[in-house]
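Student: Please take me through one part of this model in detail. I would like to look at the nonpolar core, and then at what lies around it.

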Amino acid sequence: MIVYSCIYIMLLLAVFLQYFNKKELAFLCFYLGVFSAIFINAFRDMIGGFDIYVYAQVFEHSDYDGNIFKWEWGFYHFSRLIHFFNGNRYFYFAVLATIFMLSFLRIAQKQDRRFNYYLIFFLIFCKLYFYTFVYLRQNLAMILIWFGFIYYLDSQKIKGRGLSLLSVLFHNSGIISFLM
């Protein structure tokens, strides 16, 4: 837990440094925190609970048939695609952590209308990182939904609906956003 607290502090420090016009130092703290989070989550084993073992076992066994993710076959095929390049669980977690962090960063930057995107990223990070990337399917679905909302609000309704529909293939909870 100390490691996570240090990453939180590093990201919060970036927010305060940006506020006090120390942009270079804020940039350094921010990206050091992001890359630390990716590294920690890529090379962990049991941080986050038993679900990590389940995801790792399912990923590493190339002969599974997808019945584990009966309804969420988008996640199954996404995992198979990553497995095609490398079947190592640590590579899998590194790819997912990178996708999560870069998506959170992009979402924060897109929402930067009046606020510092470091602050928005920090708030997103606090809410989602708290789960230590255990909820892989849910986070991927939520990222798709969030980008879908951004497109929808920018009058690109077909792209927004398409991403909401795609999110259902990663986690069933995505149906709620599609119905909205």
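Tutor: What follows starts with the overall fold, goes into the core, and then moves out to the surface. Keep in mind that the model is predicted.

Start with the fold. The chain has nine helices and zero strands. Read from the N terminus, the order is simply α-α-α-α-α-α-α-α-α. Of its 180 residues, 44% count as buried. Contacts reach far along the sequence. Among those with a separation of 6 or more, 63% join residues 24 or more positions apart.

Now the core itself. The largest nonpolar core holds 43 residues. Within that core, F30, Y92, F121 and L136 have the most contacts. Seven elements are named as giving two or more residues to this core: α1 (2-19), α2 (23-42), α3 (50-60), α4 (73-85), α5 (89-110), α6 (117-129) and α7. The top contributor is α5, with ten residues.

Take F121 as the way in. Set aside its neighbours within four places in sequence. F121 is then in contact with L11, F30, V34, M101, F104, L105 and A108. One of these partners, F30, is also among the residues with the most contacts inside the core.

Next, two pairs that are apart in sequence. F16 sits in helix α1. Its C-alpha atom is 9.2 Å from that of Y118, although 102 residues separate the two along the chain. F16 is not buried. Its relative accessible area is 45%, so F16 counts as partly exposed. S79 makes a useful contrast. S79 belongs to helix α4. Its relative accessibility is 3%, under the 20% cut-off, so S79 counts as buried. S79 and F59 are 20 residues apart in sequence, and their C-alpha atoms are 6.8 Å apart.

Turn to the charged side chains. The whole structure has one salt bridge. The side chains of E60 and R89 form that bridge, at 3.0 Å from N to O. E60 lies in helix α3 and R89 in helix α5, so the pair ties together parts 29 residues apart in sequence. Both of these helices also give residues to the core. The two partners differ in cover. R89 has a relative accessible area of 11%, so R89 is buried. E60 has 29%, which makes E60 partly exposed.

What about the cysteines? A search of the whole structure finds zero disulfides. A disulfide is a covalent bond between the sulfur atoms of two cysteines. Take C6 and C29 in turn. C6 is partly exposed, at 43% relative accessibility. C29 is buried, at 12%.

Now the outside. The accessible surface of the chain is about 10200 Å². Carbon and sulfur atoms account for 69% of that area. One nonpolar patch on the surface covers about 540 Å². F149, I175, I176, L179 and M180 make this patch. Helix α9 (residues 174-179) gives the most to the patch, with three residues. F149 comes from elsewhere in the chain, in helix α7 (residues 136-153). The relative accessibility of F149 is 32%, so F149 counts as partly exposed. Helix α7 therefore has a place in two parts of this picture: α7 gives residues to the core, and its F149 joins the surface patch.

Finally, two loop residues with backbone angles to check. Most residues other than glycine have a negative phi. N21 has a positive phi, near 60°, and is not a glycine. N21 is in the loop between α1 and α2. Its relative accessible area is 58%, so N21 is exposed. S155 also has a positive phi, of about 65°, and is not a glycine either. S155 is in the loop between α7 and α8 (157-168). At 61% relative accessibility, S155 counts as exposed.

To put it together: the core has 43 residues, and α5 gives the most to that core. The salt bridge from E60 to R89 ties α3 to α5. On the surface, α9 gives the most to the nonpolar patch, and F149 of α7 belongs to that patch as well.

Methods
Residues numbered from 1 in each chain as written. Predicted model: local features only at pLDDT ≥ 70, side-chain atom pairs only at ≥ 80, totals over all residues. Heavy atoms only, no water. Disulfide = S-S within 2.5 Å. Buried < 20%, exposed > 50% of the residue type's maximum accessible area, 1.4 Å probe, protein only. Patch = residues over 30% accessible without salt bridge, like charges linked within 9 Å, V, L, I, M, F, W, Y side chains within 5 Å. Areas by Shrake-Rupley, 256 points an atom, 1.4 Å probe, with all protein chains shown as cover. Salt bridge = Lys/Arg side-chain N within 4 Å of Asp/Glu carboxyl O. Helix = DSSP H or I, 4+ residues; strand = E, 2+ residues; numbered from the N terminus. Core = buried A, V, L, I, M, F, W, Y, C linked by side-chain atoms within 4.5 Å. Contact = heavy atoms within 4.5 Å.
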